[in-house]
Amino acid sequence: MTVSLGLSLLFRIIRWLRRIGELSVRYWHIRTQLLLGPLRKIFRVQVEPRISHEPRSRCCIDPSVNASSFDVVDPTPHRVDTPEGHAPTQLHYSLAVPMVPGSQSRTSFQVQDPNNVAGNAACTGDEPDPTNAPPSESLAAGVYRTLAELRPLNGPPASSFSSSRRMPEPIPMLANEIRRYDRRNVVKPTEKRITIPAGEKEFRCNTPCPEPWLPMTHPEGALYFYHPHRRIFTDADIRTRDIRERIDLYADALSQRVEAYYPNIVTADAELALELLDDHTKEGSCKYYYVDHQKRVLFWVHDFTPAMENMGNVKSVSDLSHVRYMIEAEYWTHCELFPNHRSLPKAIVDELKETILHANTEMITSDMSLSPYDKEDLSGIYSLLDSIQTGQEAFRPHSVWVTARLMRQFTKVKFVNWCGQPTARLDADRSIYEEATSQQRTSLLLRLFNRLLFGSPQAHLNSIRRIWVDEIVVQPRWKNFILILNDEWNRFTIFSTVVLAVDVTFLAIPGVSPTAPPSPATIAVYLSTLCAVGSLLVSVILSGQMNNQSRDSAEAVANLMTRMTNTMLKRDSLAIVHSLPFALLIWGMIFFSLALSYVIFQSKSFVTCLSVGPGWAIVGVLTVWPVVMDLRSRKSPKHESVDVEETSTIASSSASVGSDEYAV
């Protein structure tokens with residue numbers, strides 16, 4: 001017994017000693033890593049080659065170009081003097097002129113002074129060529145005037161940033177995928193008060209921006225960053241070292257891919273936008289796109305298939321000439337997101353004015369206009385454009401933002417309506433897709449409710465089909481549709497209140513008041529009261545919902561309609577719901593008429609029946625007459641419907657406009 005206790009105690013002591021040894025080894029391993037980590041970073045920083053980005057010494061567009069391979073003629077920035085009390089002076093860099101290809105390499109750049117044309121020609125060994133001057137009718141003109149256009153001289157390529165970190169491949173994106181408005185950056189509320197130093201006038205940011213990056217403030221207030229030498233835009237806060245290194249790494253990877261596969265695709269005024277993702281998934285942690293200002297397009301160095309939700313749910317797109325309108329709309333989105341440091345050419349404002357003038361005229365002369373704005377909005381926008389200042393003399397980010405947003409809207413309308421294609425949509429109620437058989441047929445449930453609800457569901461279904469064509473909403477037509485529905489439901493609310501008051505008063509009649517066995521008149525009044533209350537409640541609920549929807553954008557309305565019709569009945573369910581206020585009100589009146597008829601004809605007075613009977617029959621015939629006419633009109637051919645009458649009216653107005661034009 002004593003031996004067994006001794007052995008068990010010995011085994012426990014050995015186990016404890018083993019655990020203590022493992023903990024001590026782990027402790028010293030952690031201490032060693034903590035000591036060697038900073039030494040590794042110091043050694044890597046001292047050994048790694050880096051390129052200086054100082055604008056006074058050397059500029060670099062491509063990170064694969066060695067900084068020592070540039071021949072700088074006049075790289076020194078100069079300041080534009082401003083009157084006292086105005087904003088701080090702004091640095092302007094001299095314009096770089098392309099060298100003539102000769103003995104130099106295909107990828108050579110040289111910085112020159114734009115004010116010294118003869119000297120520039122002497123440096124390049126050629127006569128001054130006006131075709132080398134940057135075009136003025138582009139939003140990139142401001143970038144041309146202020147940024148150095150460089151061509152790398154001969155020399156071995158070198159990366160501006162090298163790191164052992166393996167980052168995922170950057171993936172293409174559209175400009176609307178920049179999640180600037182989805183970020184939820186918050187500040188912790190504190191009672192700490194800030195002290196302003198005496199004589200402080202600069203009010204600089206506490207976190208300085210590393211050169212050559214420039215912080216930019218969007219007209220809406222957003223902060224983004226711009227690299228003037230590499231022409232990179234990003235919303236990522238590059239003041240953080242890790243984020244800045246990731247941005248450099250992805251920009252280097254894209255530059256290497258351009259040099260390897262597409263050496264001539266990135267033009268002198270091209271820009272690069274980078275969007276860092278929060279997660280490091282297999283899809284990549286950075287998205288990008290390039291911008292060509294001369295062609296007003298985005299482009300990529302990878303094959304790119306845009307998601308359907310980013311294409312406005314436009315289906316069956318197969319022609320690149322059609323996709324170009326979507327890409328141009330994304331180009332204007334880029335200018336809208338990054339409007340600073342750009343000049344606004346007059347030609348773009350004139351083009352926008354002509355577009356608005358055409359849209360306004362079409363809204364006046366046709367009910368089927370595809371314009372995203374109504375007549376009042378178009379008139380207001382046109383008057384605002386008269387106040388926009390254009391030209392290359394100064395940068396006006398607010399004017400650039402206004403112009404870019406409006407151009408984006410009208411360009412997107414062209415893409416959605418298949419502009420320039422054989423199947424272009426010319427009227428707002430015309431579908432360009434082959435209508436499926438399921439959409440042509442009316443469901444059995446809708447046919448049943450159509451009989452019970454007096455044909456109101458079919459009328460509402462036709463209105464919905466004219467408004468929501470190909471799952472696309474035109475904002476002015478939607479607003480008009482909402483106004484008509486709200487006006488209709490408000491009137492139904494008044495009628496339902498009147499019927500409800502009459503029913504309650506009718507129950508006070510001695511022959512109709514509740515008794516032990518309720519009379520048929522009492523039951524009919526009960527049903528009439530329930531229908532009136534139902535019509536009143538549904539009208540109020542639908543009116544409140546539509547008031548909220550009238551304030552939404554066209555995209556939000558389209559998403560809402562998609563969710564509401566994403567059922568087995570599709571649009572039929574929405575048509576049935578919209579017809580309930582009218583149908584319940586009619587049923588309430590019918591039940592009240594039955595109760596009144598029962599009270600009249602249960603009287604044993606022959607005089608009463610003889611005097612009221614003919615009047616009752618005449619009123620009944622006159623009431624049924626419109627219903628019969630409506631049923632007969634629905635059985636007539638489709639070409640004789642009300643829609644054709646509206647179309648003929650529009651055609652006649654268009655013909656009158658055409659005759660006036662010819663007369664002129």
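## Close-up views of a predicted model

**Figure 1. Gln 421 in the loop between H8 and H9.** With a relative accessibility of 13%, Gln 421 counts as buried, because the limit for buried is under 20% relative accessible area. The model shown here and in the other views is predicted. Residues up to four places away in sequence are not counted among the contacts; beyond these, Gln 421 touches Asp 319, Ser 321 and His 322.

**Figure 2. Trp 418, a residue with positive phi in the loop between helix H8 (397–416) and helix H9 (437–440).** Phi of Trp 418 is about 55°, a positive value, although the residue is not a glycine. Trp 418 has a relative accessibility of 10% and therefore counts as buried. Gln 421, the subject of Figure 1, is placed in the loop between H8 and H9 as well.

**Figure 3. Phe 203 and the Glu 211–Pro 212 peptide bond.** Phe 203 lies in the loop between E3 and E4. Phi of Phe 203 is near 55°, which is positive in a residue other than glycine. The relative accessible area of Phe 203 is 54%, so the residue is exposed; the limit for exposed is over 50%. Pro 212 is also found in the loop between E3 and E4. The peptide bond that joins Glu 211 and Pro 212 is cis, with omega at about 5°.

**Figure 4. The salt bridge between Glu 177 and Lys 287.** The closest N and O atoms of Glu 177 and Lys 287 are 3.0 Å apart. Glu 177 lies in the loop between strand E3 (171–172) and strand E4 (214–217), and Lys 287 in strand E8 (residues 284–292), so the pair ties together parts that are 110 residues apart in sequence. Glu 177 has a relative accessible area of 10% and is buried.

**Figure 5. The salt bridge between Arg 230 and Asp 248.** Here the closest N and O atoms are 4.0 Å apart. Arg 230 lies in the loop between strand E5 (223–227) and strand E6 (232–234), while Asp 248 lies in helix H4 (residues 241–261), so this pair ties together parts that are 18 residues apart in sequence. Both partners, Arg 230 and Asp 248, are buried.

**Figure 6. The salt bridge between Asp 487 and Arg 491 in helix H12.** Asp 487 and Arg 491 have their closest N and O atoms 3.4 Å apart. The two residues are 4 residues apart in helix H12 (residues 475–506), so about one helical turn separates them. Asp 487 is partly exposed, with a relative accessible area of 42%. Arg 491 counts as partly exposed too, at 38% relative accessibility.

**Figure 7. A salt-bridge network of Arg 180, Arg 183, Asp 235 and Glu 275.** Salt bridges with shared partners join these four residues, Arg 180, Arg 183, Asp 235 and Glu 275, into one network. Side chains of opposite charge can pair when their charged atoms come close. The count of salt bridges comes to 21.

**Figure 8. Asp 503 and its contacts.** Asp 503 is placed in helix H12. The relative accessible area of Asp 503 is 0%, so the residue is buried. Leaving aside neighbours within four places in sequence, Asp 503 is in contact with Val 525, Ser 528, Thr 529 and Phe 592. Of these, Val 525 is 22 residues from Asp 503 in sequence, and the two C-alpha atoms are 6.0 Å apart in space.

**Figure 9. A patch of positive charge on the surface.** The residues gathered in this patch are Arg 12, Arg 15, Arg 18 and Arg 19. Arg 12 is found in helix H1 (residues 2–47).

**Figure 10. The protein chain as a setting for the close-ups.** The chain has 17 helices and 11 strands. Of its 664 residues, 38% are buried. Among contacts with a separation of 6 or more, residues 24 or more positions apart account for 71%. The exposed area of the chain is about 39700 Å², and carbon and sulfur atoms supply 60% of that area.

Key
Residues numbered from 1 in each chain as written. Predicted model: local features only at pLDDT ≥ 70, side-chain atom pairs only at ≥ 80, totals over all residues. Heavy atoms only, no water. Salt bridge = Lys/Arg side-chain N within 4 Å of Asp/Glu carboxyl O. Buried < 20%, exposed > 50% of the residue type's maximum accessible area, 1.4 Å probe, protein only. Patch = residues over 30% accessible without salt bridge, like charges linked within 9 Å, V, L, I, M, F, W, Y side chains within 5 Å. Areas by Shrake-Rupley, 256 points an atom, 1.4 Å probe, with all protein chains shown as cover. Lys, Arg positive; Asp, Glu negative; His and termini not counted. Charge placed at Lys NZ, Arg CZ, Asp CG, Glu CD. Contact = heavy atoms within 4.5 Å.
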